[in-house]
Structures are given as structure tokens and as C-alpha cells.
Amino acid sequence: MLSERVVAVQLINYVMTNDLGELFQSAYKQLHSTETALLRVHNDILLALDNHQSVILLLLDLSAAFDTVDHKILLNRLSTRFGITGAALSWFSSYLSNRYQFVNIRGQRSSNRPLKCGVPQGSVLGPILYLLYTAPLGDIVRKYNMGFHFYADDTQLYLSFDSKSGAAEASAVAQIEACAGEIDNWMSANRLKLNSDKSELLIINSKYRPRPLVNSISFGGSVVQASPFARNLGVVFDNESSLDKHISAICKSAFFHLRRIAKIRSYLTEEATIALVHAFITCRLDNGNALLFGLPKYQIQRLQSILNCAARLVKRHSKFDRASPLLFELHWLPVEQRITFKILLFVFKSLNGLAPFYLSDLISTYVPSRSLRSASLSLLHVPRSNQKTYGDRAFAVAAPRLWNALPIQMRQPGTTLDTFKRSLKTLLFRQAFYRFL
């Protein structure tokens with residue numbers, strides 16, 4: 001295991017130093033997460049809708065992807081694409097060969113069976129080798145000039161088109177079918193298999209515009225029907241980008257756990273209850289909450305009601321008691337401020353090299369056309385948007401606006417991440433609970 005870690009560190013440094021990795025692959029990479037991946041995809045979709053376009057989003061799923069990696073193809077790819085040769089390549093060959101597996105049920109162990117393919121998922125190196133194995137997928141998608149994002153074996157393809165034009169719609173469908181078809185062929189040639197039964201299709205359209213006619217796409221001999229919503233890396237996307245289904249899913253899960261905690265509350269200390277609430281409730285409110293910025297107040301209030309119930313449960317108050325004093329006492333930020341905190345944290349990380357490039361690329365420094373005092377205020381350029389419902393919610397628009405509204409001392413370069421987080425939470429806490437200060 002120690003030698004694997006040493007090799008993994010050297011391999012990652014080599015790939016990053018020589019810029020050999022896939023930019024839009026977010027799995028098993030430092031500073032990357034499902035939330036950063038979704039934030040970029042969500043941003044692109046919102047901007048397309050704001051520009052009066054519709055979006056085809058295809059979510060591809062692979063069957064047992066890690067278990068079918070061909071060792072010979074992998075070693076050849078390490079050599080030809082990534083320039084790993086000589087003793088280093090021989091080490092990887094030795095690492096992959098002579099592996100065995102067995103099944104143990106109730107103490108009864110089967111005989112060993114040789115592993116002729118696949119990379120060990122529980123290992124340090126296995127996931128990294130899988131990313132290198134599937135690196136050519138990005139080249140395929142770029143040929144078709146489409147948006148995409150990978151997270152391990154989850155693939156997102158998306159393409160915007162003018163829904164008022166039947167020709168544009170037909171062209172978009174043909175384009176994404178051709179891309180998915182070539183990906184399917186590549187998978188077959190590389191001993192991988194797309195799972196069409198679990199692949200999902202969304203036709204995302206503004207609620208103010210007529211629905212496109214397309215309702216399915218076909219590739220590899222399979223037909224994928226369009227769905228009204230689909231789960232994407234833990235977030236439920238819908239065909240109007242309202243995230244209504246996602247919020248409903250959070251509410252259902254959170255209230256289920258709140259009821260279970262309430263049944264044992266009398267046996268718990270306040271500290272233990274807080275720990276359980278953070279483990280089962282607030283983590284659900286915070287996971288992917290950067291995508292929730294700009295939603296209608298009633299949607300945010302649905303999530304706030306969860307936090308209010310959790311505060312009453314911790315403090316043993318009635319459901320009729322006001323929650324604001326309890327949140328203030330617990331020092332919990334309300335949901336709206338938690339969303340703002342997450343976005344501004346991503347902005348700070350993007351400006352200081354602590355975020356993926358695909359997020360940093362969405363924001364830029366404000367440069368006035370002539371010499372003005374605002375040039376020294378560390379402001380960001382705010383792109384123009386058309387609709388509050390869509391464009392204003394996109395990270396590329398919302399993030400600079402929130403950043404520019406911060407006090408100037410918080411925007412100055414040279415601040416550490418921990419200092420910025422403390423200052424930001426203090427600021428948002430004062431804004432939320434100024435009546436109690």
C-alpha cells in the first residue's frame with residue numbers, strides 16, 4: 001500500500017506537470033468534487049436557457065467499468081499517450097499481473113481465480129489508472145463541439161440549440177446521437193460497455209418557451225427516452241432547471257431522519273444531538289447548495305423549515321416557537337446565507353488557485369476602459385444576463401455580483417482561506433441576525 005501511494009503521487013504530479021489529464025474529469029482529483037462538476041454543467045445550462053435556447057443533456061452510465069479494463073490496452077495507452085516507458089511501465093505491468101480473487105461466505109472460501117482484466121477499485125492506484133484508460137473520451141466529444149463533463153465512469157454530454165428552429169433541433173439530435181454512437185463504439189473496442197438501461201436523457205427548456213419536439217435519441221442499437229427529471233451525481237435535474245424535484249428529495253430525506261432522531265432525543269445530550277443533526281441533516285442541506293442560488297423564496301423556505309425543525313429539536317422547543325433565536329444561539333447560518341457562503345468560497349478559491357480551472361475560467365477581473373478608482377477595488381467583471389430566472393442564477397453571473405458586494409477589505413489579495421472563511425461567516429451571520437446583536 002505504501003509503494004502504491006508513492007507511485008500514485010508521482011503519477012499524478014507527472015500528469016499534472018505535463019498537462020496530460022482531462023480538464024473536465026473531476027473524479028479522484030485534488031480541489032475537484034461532484035459539486036464543482038455540477039456547478040460548471042449547471043452554469044452552462046442556465047446561460048443557454050438565458051440565451052433563449054434549449055439543452056439536450058445525456059447522462060451515460062457504464063456497466064462494471066472498473067472490472068473490465070483491459071490490461072494490454074491500458075499499458076499501451078500509458079506508453080503511447082502518456083509517455084510512460086522503461087522501468088516505470090514495467091512496474092505497472094507487474095502491478096496489474098498475477099492478481100487473484102476469491103469469495104468468502106460465512107468462513108467458506110472459494111478457490112483463487114486469476115484476474116485477467118480490471119483495476120482494483122479499493123486501491124490507491126486503481127481509480128487513477130481508470131481515468132488514464134478513458135482519457136481518449138474527451139477527444140471524441142471535442143470533435144463534435146459539445147459540452148461535457150466526466151466523473152469517474154459517469155459521463156455528461158450536453159448541447160444547446162434554438163428550439164424555434166426545427167432544422168437546428170434535428171441537427172442537435174443528429175450531433176449528439178453521432179457522438180454517443182462513437183463513444184459506444186470506442187467503449188466496445190476498449191472492453192467497456194455502455195448501460196443504455198441506466199442512461200438518461202433530459203430536454204431542458206425554459207418554462208416560458210414552447211417545448212422542443214424531440215423526446216428520444218438512439219445510439220448503439222438502443223433508444224433512450226426523455227425523462228422529466230434525472231439524478232445527476234446526487235442532484236436531481238429537471239427539464240425546466242427549477243430544481244424543484246431536488247428540493248423535494250432533500251425535504252423527504254431530511255424530515256425522515258429528523259423524525260428518527262426525535263424518537264431518541266430524550267436519551268441524547270445536546271452535543272450528541274447536534275452531532276447527529278450535522279451528520280444526517282445539515283450535510284444534506286449543504287451538499288450541492290451552490291446550485292440553489294437565485295431560486296424563488298418559497299423554495300428556499302422549504303429548506304429553511306428543515307433547519308428550523310432541527311434547531312427546535314436540538315433545543316427541545318415546541319414547533320410553535322420561533323426558530324430565529326435558536327439558530328442565533330446555535331450559531332447556525334440560515335439556508336440563504338449558507339448558499340451565499342458556498343458560492344463566495346468557490347470564488348475565493350478560484351481567485352487563489354484552489355479550485356478547478358473550469359470554475360476559475362468563468363470569472364475574470366474587472367478592468368475599466370479608462371483609469372478609474374474602481375480599478376484598485378479588486379472587483380470582478382459581471383456578465384450581462386437576460387432573465388432573473390436563469391441567467392442571474394448562473395455561477396458566472398451570480399459569483400461576481402456577490403463578490404463585488406463584499407467589503408473591500410475582504411476582497412483584497414493576500415488573505416488566507418481560513419481567515420476569509422471566518423470573516424465571511426461573521427459577515428453573513430451579522431446580516432442574518434442583526435436584530436439579536
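Buried area is the accessible area, with a 1.4 Å probe, that two parts lose on being put together, summed over both. I start there as I will use that term for two domains of this chain. Keep in mind that this is a predicted model.

First, the layout. The domain assignment splits the protein chain into domain 1, residues 1–238, domain 2, residues 244–330, and domain 3, residues 349–433. Taken over C-alpha atoms, the centres of domain 1 and domain 3 are 31 Å apart.

Now the interface of those two. Domain 1 and domain 3 bury about 1,700 Å² between them, and 63% of that is on carbon and sulfur atoms. On the side of domain 1 that touches domain 3, helix α2 gives the most, with 10 residues. In total, 23 residues of domain 1 are in contact with 20 residues of domain 3.

What about polar links across the interface of domain 1 and domain 3? There are 12 residue pairs in polar contact, both residues at pLDDT 80 or more. Salt bridges across that interface come to zero.

Salt bridges do turn up elsewhere, and the count by the rule used is 12. One of them joins K342 and E35, whose closest N and O atoms are 3.0 Å apart. K342 sits in helix α12, residues 335–351, and E35 in helix α2, so this pair ties together parts that lie 307 residues apart in sequence.

That brings me to the sheet that α2 packs on. The sheet is open, has four strands in the order β6-β7-β1-β8, and its pairing is antiparallel. Which strands stand at the edges? They are β6, residues 147–151, and β8, residues 200–204; each has a single partner strand, so one side of each is left without a neighbour in the sheet. On average, neighbouring strands here are turned by 15° against each other, direction ignored.

Helix α2, residues 34–50, touches β1, β6, β7 and β8, and its direction makes about 15° with that of β7. Helix α7, residues 166–189, lies across β1 and β7 and runs at about 160° to β7.

Last, the pairing at one edge. β6 and β7, the latter spanning residues 154–161, pair in the antiparallel sense over five bridges. If you want a place to look in the structure, take F148: its bridge partner in β7 is L157.

Methods: Residues are numbered from 1 along each chain as its sequence is written. This is a predicted model: local features need pLDDT of at least 70, side-chain atom pairs count only at pLDDT 80 or more; totals for chains, interfaces and linings use all residues. Side-chain values use heavy atoms; hydrogens and water are left out. Two strands pair if DSSP finds at least two bridges between them. Helices (H or I, at least four residues) and strands (E, at least two) are DSSP runs, numbered from the N terminus. Axes are lines fitted to C-alpha atoms, for helices over the stretch in contact, and angles run from 0 to 180 degrees between N-to-C directions. Contact means heavy atoms within 4.5 Å. Domain bounds come from an automatic or database domain assignment. A salt bridge is a side-chain nitrogen of Lys or Arg within 4 Å of a carboxyl oxygen of Asp or Glu. A polar contact is a pair of N or O atoms within 3.5 Å; within protein, one must be able to donate a hydrogen and the other to accept it, and residues adjacent in sequence count only if both atoms are side-chain atoms.
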